[in-house]
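Reader: I'm new to this and keep tripping over the vocabulary. Could you take me through this one and tell me what the words rest on?

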Amino acid sequence: MPVKHVTPEEFKKEVVAPGAKERFLVKIGETSTGSEVAIPVVVVRGQKDGPTVLITAGQHAEETGSIDAVKRFGGQLTPEEVSGTVVVVPLQNAPAWIHRSRLYPFDAPTVTDIGSLPRGEAGGVMTARVLYALVDCIAANANFALDVHGTHLDSMNYPRTMTIITGDEPPEVHEKRLELSRKVGYEVIHLWKVPSGRGGLTPILNSRGCPTIAIEAGEGWRNLEPFPSILIRGIRNFCKAVGALSGELEMPSLQVEVTRRVEITANHGGLSNLFVMPGQYVRAGEVVGQIRDMFDDVLEELKTPINGLIIRCSLLPTVATGARLCNVSETDIGEKWEKRVIPELEKQITLSGTHRPRK
Ligand SMILES: [Zn+2]
């Protein structure tokens with residue numbers, strides 16, 4: 001299938017015919033060698049009327065599993081199954097990807113996250129140009145959007161919906177997002193309250209009246225199963241929930257909403273042994289890991305201060321002061337969680353060699 005090379009403004013004017021699927025590379029700029037830096041976009045338009053849905057990944061270019069999931073979803077999607085239009089962006093932060101980096105390292109004076117910019121800027125630093133292309137051109141006609149994430153390079157994340165709530169969302173957008181957050185079908189729904197005025201793709205699209213949520217699962221820099229399949233299941237559920245795809249939603253037996261999250265960080269440097277894994281329920285006071293020195297003496301035992309679910313675990317044992325071992329999302333769901341029927345794909349999540357406390 002041919003690929004059209006276009007500028008962001010040219011992409012905005014493109015009209016994909018009903019029943020067609022087209023590929024684009026939307027040029028953001030050039031590297032220092034003059035090579036093109038471009039965002040890949042796939043547009044799939046059905047014959048039937050329906051919404052325009054934006055599916056994105058790769059805001060953080062280290063989140064390979066989510067990039068793979070959106071790439072696979074876009075590759076498989078056909079006009080025959082779509083009502084309306086699905087716009088698929090597997091890699092937003094193409095300039096960062098080139099450097100195998102979470103963020104584009106050459107923005108001056110400060111390396112910038114797409115999610116921290118108040119707005120896109122056509123003539124700004126590289127990351128501001130990416131956000132401009134995304135929100136002002138690629139997402140210009142979106143009615144609904146889903147942003148897909150993985151995790152930081154050192155860790156593994158249990159699947160969850162992330163519903164960033166700034167308070168700036170119009171009420172009808174907020175209500176729709178809460179509904180979509182459940183229907184995307186993950187067991188954990190993180191209602192994530194952040195200060196008003198926050199930028200980035202999700203808050204900008206929400207404030208514009210386009211209900212946008214995020215999902216997250218996986219390991220940094222890896223695309224091992226079952227994570228890409230778990231993310232594809234969520235993407236398809238989202239598209240079904242907004243009417244772009246037909247079929248039944250794949251829902252879990254239990255869903256839990258969480259708001260408060262506590263990071264458990266090391267005070268001492270050394271080697272860590274983690275006693276928990278993503279998706280595990282822990283109770284206040286439970287030891288989640290140890291830090292030992294090179295003589296194998298225990299320097300520190302780290303305990304969870306709250307009841308809750310372990311969502312992210314660090315997989316790298318080299319620990320300095322402040323290193324994040326894991327996080328806990330507060331809930332008292334307890335036994336109900338431990339006795340639930342785990343979804344088939346989530347059952348396959350393993351963390352080889354999770355340590356058990358030793359004397
Ligand atoms: Zn991310």
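Author: Sure, let's start with the two domains: the C-alpha centres of domain 1 and domain 2 lie 29 Å apart. The chain is divided into domain 1 (3–241) and domain 2 (260–348), with bounds that come from an automatic or database domain assignment. A heads-up: this is a predicted model, where local features need pLDDT of at least 70, side-chain atom pairs count only at pLDDT 80 or more, and totals for chains, interfaces and linings use all residues. Residues are numbered from 1 along each chain as its sequence is written.

Reader: What makes up the contact between domain 1 and domain 2?

Author: The contact takes 14 residues from domain 1 and 13 residues from domain 2. Two residues are in contact if their C-beta atoms, placed from the backbone, lie within 7 Å. On the domain 1 side, the largest share, 6 residues, comes from strand 7.

Reader: Why is the chain called as compact as a globular protein of its length?

Author: Compare two values: the radius of gyration is 21 Å, and the globule rule gives 21 Å for 359 residues, so the chain earns that description. The radius is taken over C-alpha atoms, and the rule is 2.2 Å times the number of residues to the power 0.38.

Reader: Which residues of helix 2 are buried, and how many of its 13?

Author: Helix 2 has 10 of its 13 residues buried, so "mostly covered" fits, given that buried means 20 or more other C-beta atoms within 10 Å of a residue's own (exposed is 12 or fewer, partly exposed in between; C-beta atoms are placed from the backbone). Among them are Ile67, Val70 and Phe73. Their cover includes strand 3 (36–45), strand 9 (212–219) and helix 7 (227–241). Helices (H or I, at least four residues) and strands (E, at least two) are DSSP runs, numbered from the N terminus.

Reader: Why is strand 18 called largely enclosed?

Author: Because 5 of the 7 residues of strand 18 (residues 324–330) are buried.

Reader: How do you know that strand 11 and strand 18 pair?

Author: Two strands pair if DSSP finds at least two bridges between them, and strand 11 (residues 261–265) shares 5 with strand 18, so they pair, in the antiparallel sense. Strand 16 (residues 308–314) also runs antiparallel to strand 18, joined by 4 bridges. Serine 329 of strand 18 is the bridge partner of arginine 261 and of leucine 309.
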